Amino acid sequence: HPRITMSCVPVVDDGDEVCANCGKQGSDTVKLKNCTACRLVRYCVVDCQRAHRKQHKKACKRRAAELKDEQLYSQGQERPDGDFCPICTLPIPLPMDKHFLFAVCCMKRICKGCDMAADQRGMNDCAFCRTPFPDNDTDDDDRLAMIQARVAKKDPEAITFLGEKYFHGDLGLQKDARKAFELFTEAAELGSIESLFSLGNVYRLGEGVHKDMAKAVELYEKAAMQGHVDSRHNLGQSEVEKGNYNRAVRHYLISAKMGHKGSVKMIKKLFMAGHATKEQYAEALKGYQDAVDEMKSHDRDEAKRFGN
């Protein structure tokens, strides 16, 4: 076969149905493929894409960043399933660690309202799965054994939880940031949103790995787009530190509407400094209050009244 040579000449008109480089029309025999980065233009062959790269690079990069932002700010505006109590099905108030008990038998976060209600009915086992608690529910060895049993079954929430224990040196474990990093990585690969956030923290703090804020932000973005509220708030903080106040406010508005009080405070601070509008602050306040109202229940109010 004779050697085929390209005679592509860059064209100005990037029509949807023509190759952006040579102008060849798409047809049943000529299948045009989108530029996967920006999806603005199409090409008939890889050689055309390469030939057009220098001319297209700037617009491609700009549009790719726009597409990323569209995803970043449009996704993750609802909290993930793990943020809801499996018994009353209401979202757990923030900060979550103050409003739930973690059942190491089934790896469920049970809100304090449901836990107290179960206790008042004389239920001394797990309010969700009915697994009997150890004789002494503060026994680290028994709790650790339950966690490790779930870890052996590749439960991503159990692996994340064990990672946190190594990170902080709890349950009688020696603090080991590197081991925590390995567990967070494994859990993230198995689908744990919480581990994406924990990995972001590891890179932000530089514990167990070299400090890398760009990597931390990348992980926070992945978690935030799946509804992780603290990751969203941290992205806002990252943008504040860079002086990107408009981007920061967009992040804070999302997390405020999901019930993050700290995000409301940050928008107020930015408003007072002239970096956010009165309307944005009012929107944050209303969204936050709506989220708080959604999390309320009689049992939770009772638990709070009794100091639980």
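**Exercises on rings, charges and burial**

Lys-179 lies over the face of Tyr-166, at 6.0 Å from the ring centre. The model is predicted: local features need pLDDT of at least 70, side-chain atom pairs 80 or more, while totals for chains, interfaces and linings use all residues. Residues are numbered from 1 along each chain as its sequence is written, and side-chain values use heavy atoms, without hydrogens or water.

**Exercise 1.** Find which ring the charged end of Arg-250 sits over.

*Solution.* Apply the test: NZ of Lys or CZ of Arg within 6 Å of the ring centre and within 35 degrees of the ring normal. The ring belongs to Tyr-73, and its centre is 3.8 Å from the charged end of Arg-250.

**Exercise 2.** Classify the pair Phe-167 and Phe-184, then place it in the chain.

*Solution.* Step one: the structure holds 6 aromatic pairs (Phe, Tyr or six-membered Trp rings, centres within 6.5 Å; planes under 30 degrees apart are stacked, over 60 edge-to-face, the rest tilted). Step two: these ring centres are 6.5 Å apart and the planes meet at 50°, so the pair is tilted. Step three: Phe-167 is in helix H4 (residues 156-168) and Phe-184 in helix H5 (residues 177-189), so this pair links distant parts of the chain, 17 residues apart (helices are DSSP runs of H or I, at least four residues, numbered from the N terminus). Step four: Phe-167 is buried at 10% relative accessible area (buried is under 20%, exposed over 50%, partly exposed in between; 1.4 Å probe, protein chains only). Phe-184 is buried too, at 1%.

**Exercise 3.** Repeat for Phe-197 and Tyr-220.

*Solution.* The centres are 5.9 Å apart with 40° between the planes: tilted. Phe-197 is in helix H6 (residues 193-205), Tyr-220 in helix H7 (residues 213-224), 23 residues apart. Both Phe-197 and Tyr-220 are buried.

Conventions:
Helices (H or I, at least four residues) and strands (E, at least two) are DSSP runs, numbered from the N terminus.
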